[in-house]
Amino acid sequence: SSQNTNIYAKVRAMSSAEQPTAATITLRQTLALLDGHARPVAEGIANGKYVLWLGSGISMNSAPGLTGAIQNVLEFLQTRADTNDETCEHHKALKDAIKLAALGEPMLSEVDLTRPVGEWANLQQILKKLVGSYSQLLDLRVDGEKEDYLLWHGADIPGTYGQPLEPGSEHLCLAILALEAAIHDVPSANWDGLI
């Protein structure tokens, strides 16, 4: 519509610092973009010319994030670790997990493995550092257990991502596109059932 064209022109005239982001754009501005320079993409989606590949970001506001799974693993190991026994497999895996965080001194010396993970003074820094090496964390071995022990029992994928979750606007928009037959298949490596 001409109203959307005028809004599109205004949005386009904004400096890059003023332009709306996905978090701040209004519905009217979105429609103006879909009628403007994004029209070929919108038409392509409507005509089934594109495949949407969904990553974990689509569920960030509806499901626990990666840091939640990482904290689950740390808590799982910590509660099973005998910190007085250097041969305890869970204790060894917990120490290996902390090594993966690549903490420097003095931050490393502040980690008290005898305390619950939630009480660690630098927990947020540890979680942030482990996000980049989460696959190595989940691949840590606990002797006597299966290879995917930390994935299924530590991170508790079924309990964390299999529980009933509330779909977000992204999931609802995908459902609308599917109901309108604009999309038929949606590949995803997501662990949650929101799709």
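**Exercise 1: the core.** Find the residues with the most contacts inside the largest nonpolar core, and say which helix gives the largest share of this core.

*Solution.* Start with the core itself: the largest one has 34 residues, and Leu74, Leu77, Trp120, Ile126 and Leu150 have the most contacts inside it. Keep in mind that you're looking at a predicted model. Next, sort the core by helix. At least two residues each come from α4, α5, α6, α7 (134–138), α8 (149–154) and α9 (157–161). The largest share belongs to α4, with 6 residues. As background, nonpolar side chains in soluble globular proteins tend to be buried together.

Now zoom in on Leu74. Skipping neighbours within four places in sequence, Leu74 is in contact with Leu94, Ala97, Val117, Trp120, Ile126, Leu127 and Leu130.

**Exercise 2: the whole chain.** Work out how many helices and strands the chain has, and what percentage of its residues count as buried.

*Solution.* Count elements first: there are 10 helices and 0 strands. Reading from the N terminus, you get α-α-α-α-α-α-α-α-α-α. Then go to burial: 32% of the 195 residues count as buried. For the surface, the chain exposes about 12100 Å², and 54% of that comes from carbon and sulfur atoms. Finally, check the sequence range of the contacts. Among contacts with a separation of 6 or more, residues 24 or more positions apart account for 66%.

**Exercise 3: two helices meeting.** Decide how α4 and α6 are oriented to each other, parallel or perpendicular, and list who makes the contact.

*Solution.* Take the geometry first. Helix α4 covers residues 66–80 and helix α6 covers residues 123–131; their axes come within 9 Å and cross at roughly 110 degrees. Angles of 65 to 115 degrees count as roughly perpendicular, so α4 and α6 are roughly perpendicular to each other. On the α4 side, the contact uses Leu66, Thr67, Ile70, Gln71 and Leu74, while α6 brings Leu123, Ile126, Leu127, Leu130 and Val131. Sort those residues by type and you have 8 nonpolar, 2 polar and no charged.

**Exercise 4: a polar residue in α4.** Classify Gln78 as buried or exposed, then list its contacts beyond its sequence neighbours.

*Solution.* Gln78 lies in helix α4. Its relative accessible area is 11%, and the cut-off for buried is under 20%, so Gln78 is buried. For contacts, leave out anything within four places in sequence: Gln78 then touches Leu94, Leu113, Thr114, Arg115, Pro116, Val117 and Trp120. As a distance check, Gln78 and His90 sit 12 residues apart in sequence, with their C-alpha atoms 7.3 Å apart.

**Exercise 5: buried loop residues.** Place Asn122 and Val142 in the chain, and find what each one touches.

*Solution.* Begin with Asn122, which belongs to the loop between α5 (89–100) and α6. With a relative accessible area of 2%, Asn122 is buried. Beyond four places in sequence, Asn122 contacts Met107, Glu110 and Val111.

Move on to Val142, in the loop between α7 and α8. Val142 is buried too, at a relative accessible area of 4%. Not counting residues up to four places away, Val142 touches Leu77, Glu89, His90, Ala93, Tyr149 and Leu150. The Glu89 pairing spans 53 residues in sequence, yet the C-alpha atoms of Val142 and Glu89 are 5.5 Å apart.

**Exercise 6: positive phi.** Say where Ala102 and Asp156 sit, and whether each is buried, partly exposed or exposed.

*Solution.* Background first: most residues other than glycine have a negative phi. Ala102 isn't a glycine, but its phi is positive, near 50 degrees. Ala102 is in the loop between α5 and α6. Exposed means over 50%, so Ala102, with a relative accessible area of 53%, is exposed.

Asp156 isn't a glycine either, and its phi is positive at about 50 degrees. This residue, Asp156, sits in the loop between α8 and α9. Its relative accessibility is 33%, so Asp156 counts as partly exposed.

Notes:
Residues numbered from 1 in each chain as written. Predicted model: local features only at pLDDT ≥ 70, side-chain atom pairs only at ≥ 80, totals over all residues. Heavy atoms only, no water. Axes fitted to C-alpha atoms, helices over the stretch in contact; angles between N-to-C directions. Helix = DSSP H or I, 4+ residues; strand = E, 2+ residues; numbered from the N terminus. Parallel < 35°, antiparallel > 145°, perpendicular 65-115°, else oblique. Contact = heavy atoms within 4.5 Å. Nonpolar A, V, L, I, M, F, W, Y, C, P; charged D, E, K, R; others polar. Buried < 20%, exposed > 50% of the residue type's maximum accessible area, 1.4 Å probe, protein only. Areas by Shrake-Rupley, 256 points an atom, 1.4 Å probe, with all protein chains shown as cover. Core = buried A, V, L, I, M, F, W, Y, C linked by side-chain atoms within 4.5 Å.
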